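Let's read a structure together, one feature at a time.

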Amino acid sequence: MKGLDLDRLQAYLDSPPLTATMFAGGRSNLTYAVTDGTNRWVLRRPPLGHVLPTAHDMAREHKVLSALSQAGFPVPKPVLLCADSDVIGAPFYLMEHVDGKIYRDVADLVTVDLHRLTLTLVDTLADLHSLEPEKIGLGDFGKPEGFNERQVRRWKKQLDASRSRELPGIEELHARLAADIPAGGPGAVVHGDFRLDNVLIGASLEVRAVLDWEMSTLGDPLSDLALMLVYAGRPLLLSDGKPFAPIDLPGHPSLDEMAARYAERSGRDVGDLHWYVGFAAFKLAVILEGVHYRYTKGQTVGAGFDTVGAMVPELIEQGHRALEGH
């Protein structure tokens, strides 16, 4: 299996014969379901040809999962961390397998109470931001002070590292963001890529586990909220090859309702999200441009990467519109 040497993993774990399948939909770290016939785990490792060390730091992801699981927040419990790249070709960790459904297909979303599901997602994000980092062992997980300024610099650096084509308007968008950076309020644990298809949902539409913590840190919680709103309006879900934005599906709450729900549950002021939404669009554009870059280099594993590049110019335009108050 590409990216996972089962024989070497089996020898390292001293386990019965292993089988594995790769999870679809991942755009960053590679994720596999692994079993020895009795036990079930999920294995995470960096992608092939990874270029963003912090996001692909397995020890960091393992740390936040350990802290959050002990605090009672819904995440998979980590089982094992291996920093030795010689075992499967990269550092990796194992976590418990959590039963649940990932909603990323329109055919599934139109069969559930999408309004309730989406507001549950908003509540879960507010609950994450209510945790006090020092009290759960994450006081040193990042520096909330200057978070937004560092994010603007970081994602521009990441853009430059994965630039393979002209992207009209993206330099101007970065300059506009850099010229008016909000100081931000009290810091919190931020997920960094919070969206519907990064959570496992149970039969009663409860959140069983929040996944994909590679971008988590301590920072401005409004950055998480804004990115969730951008994702809700982006046509990233596919049905019969036709793109749909979640917000266009029956029952999905409006962006204003989502923001108001977050404000009510978190007690945070969300009165002016324009800069945050503009930055979220820029950040997502850079993330997807990185995926497109790796796709052109043959470094991605799985299907669906051929359409990612076309999403980037639309996000650049969205970022400009947000800064103009739209």
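A short dialogue on the sheet and the salt bridges follows.

Q: Before we start, what kind of model is this?
A: This is a predicted model, where local features need pLDDT of at least 70, side-chain atom pairs count only at pLDDT 80 or more, and totals for chains, interfaces and linings use all residues. Residues are numbered from 1 along each chain as its sequence is written, and side-chain values use heavy atoms, leaving out hydrogens and water.

Q: In what order do the strands of the sheet lie?
A: Strands (E, at least two residues) and helices (H or I, at least four) are DSSP runs numbered from the N terminus, and two strands pair if DSSP finds at least two bridges between them. Here 5 strands make an open, antiparallel sheet, ordered β1-β2-β3-β5-β4. At the edges sit β1 (19-22) and β4 (78-82), each pairing on one side only.

Q: How many bridges join β3 to β5?
A: There are 4, between residues 40-45 and residues 92-96. Trp41 stands opposite Glu96 in β5.

Q: What about charged side chains?
A: Side chains of opposite charge can pair when their charged atoms come close. A salt bridge puts a side-chain nitrogen of Lys or Arg within 4 Å of a carboxyl oxygen of Asp or Glu. This structure has 22 salt bridges. One of them joins Glu289 and Arg165, with 2.7 Å between the closest N and O atoms. Those two lie 124 residues apart, Glu289 in helix α9 (residues 274-296) and Arg165 in the loop between α5 and α6 (170-178).

Q: Is Glu289 buried or exposed?
A: Buried means under 20% relative accessible area, exposed over 50%, and partly exposed in between (1.4 Å probe, protein chains only). Glu289, at 1%, is buried, while Arg165, at 28%, is partly exposed.
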